[in-house]
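Colleague: I'd like to go through this model with you, one feature at a time. Let's get the ground rules out of the way first.

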Amino acid sequence: MYAMVFAVEEINANSTLLPGVTLGYHILNSCLGYPWVLQAALSLITGDTKNCVLTTSASLLIGPASSTSSLQVSNTLGPLSVPIISYVSSCPCLSDRSKFPNFFRTIPSDVYQAGAFARLAVRFKWTWVGVVVINNDYGQLALQVFQEEIMGKGVCVEFKQIIHQEYNEADVERAANSIQAAKARVILIVTWFSHVKNIFLELAKRNVTDKQFLASESWSTNADLQDVAIAQVAHGIIGVAIQSATIPGFASYLRSLNPIHRPDDKFLKAFWEEQFECSLPSPSLKGRSKHPSNVSTASSDKPSAVRASLPLCSGKESLETVQKPFTDTSQLRLSYNVYLAVYAAAHALHSLLACPSTNISSTTCPSHHPINLAQLLQHLDRVHVSTPHGDGFHFRGGDIAAKYDLVNWQMIPEGPLRLVVIGHVDGFDIHLNESAIQWSTGSSQVPSSVCSESCRPGTRVASRKGEPICCFDCIQCADGEISNTTGSPSCERCPGQFWSNVERTACLPRQLDFLSFNETLGITLTAGAVSGAMVTTAVFVVFLHYRHTPVVRANNSELSFFLLVSLKLCFLCSLLFIGRPSAWACRFQQAAFGISFVLCLSCLLVKTVVVLAAFRSAQSSSKNFIKWFSPWQQRGSIGLFTCIQVTICAIWLSLSPPLPGYDVGILGAKVTLKCAMDSVVGFSLVLGYIGLLACTCLLLAFLARKLPDNFNEAKLITFSMLIFCAVWVAFVPAYVSSPGKYVVAVEVFAILASSYGLLFCIFAPKCFIIVLRPQKNSRKYLMGR
């Protein structure tokens with residue numbers, strides 16, 4: 001109130017602002033009641049008040065003191081084009097110029113305050129907050145803007161409690177219950193301090209002191225927060241506050257106030273008597289105020305009985321040494337907004353009176369020019385306001401630039417809580433000194449307020465069904481995937497030749513894996529191959545030593561030696577598959593495998609044909625049939641069959657040979673180095689030709705199964721070919737389904753198994769007779785039938 005009076009008197013004393021014009025004012029108490037607000041506004045506009053009749057009606061209103069009241073008054077006075085400048089109404093709805101063209105304000109819209117709370121929550125990673133708001137436009141719209149600002153930014157509201165404007169004990173109880181039971185540690189409260197104090201008193205009774213409160217500008221700087229009864233609860237509050245400022249000369253002006261000089265000022269008279277505990281005489285008619293003012297905001301004088309008990313004031317009383325909130329001008333907030341509102345009105349009037357409405361650039365205007373309220377609105381909308389000490393602003397659609405202080409209530413050793421400015425809000429930007437903050441915990445560590453703790457690196461966020469996005473579970477990344485940030489929504493797959501570490505936080509190069517001579521599997525297969533070659537060599541030596549005996553000679557000794565050599569090559573070629581693959585090893589291993597087995601099967605096929613031809617010649621009239629299978633023809637047949645395989649391998653290896661490559665398709669920490677076959681056709685032809693020879697040999701051996709037992713080798717070939725075919729038929733699905741290096745192991749095993757099958761099925765019975773049953777190694781035994 002006195003900031004307004006001071007501004008008016010300062011302007012009236014200014015020779016450059018409104019020269020020749022004296023401003024007057026009339027102050028009415030709205031009692032914070034909506035009917036009284038409208039009644040007071042209408043009485044000021046009409047010039048008819050309850051206490052007196054004004055000589056002129058007001059041209060402009062400063063107030064009211066709430067958004068709801070401003071909505072009511074602006075709607076009512078809008079058709080009359082009466083300008084209204086509010087110093088405290090911050091509802092975002094009042095920015096709508098289509099509905100409220102006559103409304104201006106020197107306080108920022110709550111859009112910026114709610115946005116500041118949202119940005120604080122995001123900045124400090126408070127993803128789970130509780131909200132308590134008053135049930136009016138101020139609280140509801142602040143909640144709405146806050147929820148819009150946090151949408152999509154990972155911040156959720158755990159609970160919303162609505163407080164009625166009139167004191168309600170049930171509201172206090174319900175709000176305290178929600179705050180106490182909430183998992184959220186950060187609580188935003190947008191209401192009046194009277195509600196906050198009751199809630200804090202209830203929380204203090206329950207010893208709830210672990211919550212971090214965020215305060216709206218309506219109560220963030222209230223001095224009653226220093227009350228010892230609520231200090232433990234209020235400690236650490238962070239609030240958005242109207243930007244503080246100083247008004248030069250205002251402090252001395254307040255301290256110079258004296259009811260002797262202002263006999264009509266009922267507020268000052270009541271304050272003086274209460275402060276100095278003395279009574280003032282009623283003002284005489286001669287002591288009437290010369291000021292162009294009429295202040296009727298104070299309550300009535302104290303009862304005469306009370307006044308009579310107090311001594312008369314001596315006249316030496318002074319406010320110079322009084323330390324009260326009334327005399328504290330170090331951080332003016334609402335008072336400064338009122339001061340700016342008065343200057344805005346003065347500059348608009350100055351602009352209007354300085355020129356006719358038809359020519360704004362003119363600098364002269366008759367002093368008796370009537371105030372046109374519609375024109376005053378236009379000038380107010382475009383005027384640039386400046387104060388004597390250099391502060392300036394202009395309205396932007398009725399609003400001013402958003403500037404706030406960020407304040408923190410801190411515990412100090414020597415007494416109650418202390419209000420400390422820790423930062424500023426400039427529009428949508430926050431400038432904050434985090435090191436200056438004292439949190440509710442009493443430390444400099446930012447308190448945590450989350451529904452679920454942030455997922456550590458190596459895990460990802462998994463939403464819970466039916467719950468807000470801020471409540472989630474942390475799932476470890478799958479093998480081969482990583483997340484190296486906190487709270488990662490998904491895991492990233494490692495590149496082909498990399499794999500995740502145990503913690504799933506980094507991709508490491510995969511270990512190179514192949515069938516090695518040093519591992520158990522490689523040693524086992526190597527031992528099998530070497531053993532097979534040694535056994536084959538031993539059989540070769542036995543046959544060579546007994547080459548003139550009937551058993552060896554009767555079974556075509558030359559073909560037997562060819563067969564033993566080819567079997568030895570089959571055993572040895574398997575060693576090419578073991579060890580680190582190289583370009584030459586990949587070329588030779590498949591060629592050696594294919595050629596060795598074709599040589600082996602060619603010998604068996606020729607053996608079978610010779611047996612059939614020999615018995616057919618002996619049992620029919622075709623005596624010369626056996627002549628077609630002379631030793632040279634037998635050798636030529638073996639060479640021909642083998643050359644066909646050599647040709648296939650040569651074409652395959654020259655056009656698209658197997659080369660070493662990484663098998664990244666197998667998941668795991670190891671990547672297999674193997675011989676990659678670019679041409680499946682070439683490998684299929686090699687296997688197909690081997691299969692053709694095997695099936696032909698099996699068919700012919702099967703046809704010769706009924707020949708004389710003692711001389712018949714066809715049964716041994718039949719049984720060996722059955723084993724051979726069974727092994728390679730089983731090889732195909734095993735080869736396709738085996739992972740990594742086990743593909744190579746399956747092929748080596750098939751080579752060894754089929755080679756051992758041929759070796760033992762064909763030569764074991766013969767060696768048994770030669771070595772252990774020499775009496776059966778005779779022509780008589782073989783020709784017994």
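Modeller: Helices (H or I, at least four residues) and strands (E, at least two) are DSSP runs, numbered from the N terminus. This is a predicted model: local features need pLDDT of at least 70, side-chain atom pairs count only at pLDDT 80 or more, and totals for chains, interfaces and linings use all residues. Residues are numbered from 1 along each chain as its sequence is written, and side-chain values use heavy atoms, with hydrogens and water left out.

Colleague: Which residue just after H4 takes a positive phi?

Modeller: H4 itself fits expectation: its 14 residues should span 20 Å at 1.5 Å a residue, and its end C-alpha atoms are 20 Å apart. That expected span is 1.5 Å times one less than the number of residues. Just after H4, a positive phi of about 60° is taken by Lys125.

Colleague: How many of the 14 residues of H4 are buried?

Modeller: Take buried as under 20% relative accessible area, exposed as over 50% and partly exposed as in between (1.4 Å probe, protein chains only). Buried residues in H4 include Asp110, Phe117, Arg119 and Leu120. H4 is largely enclosed by the rest of the structure, because the number of its residues that are buried is ten.

Colleague: Which residue meets Arg123 in a salt bridge?

Modeller: A salt bridge here is a side-chain nitrogen of Lys or Arg within 4 Å of a carboxyl oxygen of Asp or Glu. For Arg123 the N to O distance is 2.9 Å, with Glu434. Arg123 lies in helix H4 (residues 110–123) and its partner in the loop between strands S15 (429–432) and S16 (459–463), so the pair ties together parts 311 residues apart in sequence. Arg123 is partly exposed at 34% relative accessibility, and its partner is Glu434.

Colleague: Which residues are linked with Glu202 in a network of salt bridges?

Modeller: Start with one pair: the side chains of Arg206 and Glu173 meet at 2.9 Å, N to O. Arg206 is in the loop between H7 and S8, Glu173 in helix H6 (residues 169–181), 33 residues apart. The network joins Glu202 with Glu173 and Arg206.

Colleague: And which residue of S8 is the bridge partner of Ile187?

Modeller: Two strands pair if DSSP finds at least two bridges between them. Strand S7 (residues 186–190) and S8 do so in the parallel sense, over four bridges. In S8, the partner of Ile187 is Phe213.

Colleague: Is the β-α-β crossover from S7 to S8 right-handed or left-handed?

Modeller: The chain goes from S7 through helix H7 (residues 193–205) to S8. With the strands pointing away from the viewer, a clockwise path from the first strand over the helix to the second is the test for right-handed. This crossover is right-handed.

Colleague: Which helix gives the most to the largest nonpolar core?

Modeller: A nonpolar core is a set of buried Ala, Val, Leu, Ile, Met, Phe, Trp, Tyr and Cys residues joined through side-chain atoms within 4.5 Å. The largest one has 66 residues, and Phe543, Trp728 and Phe763 are among those with the most contacts inside it. Helices that each supply at least two residues include H14 (520–545) and H17 (583–619). With 14 residues, the top contributor is H21.

Colleague: How many residues are in the other core, apart from it?

Modeller: That other core lies apart from the largest one. Its members include Leu17, Tyr339, Ala344 and Leu376, and its residue count is 53.
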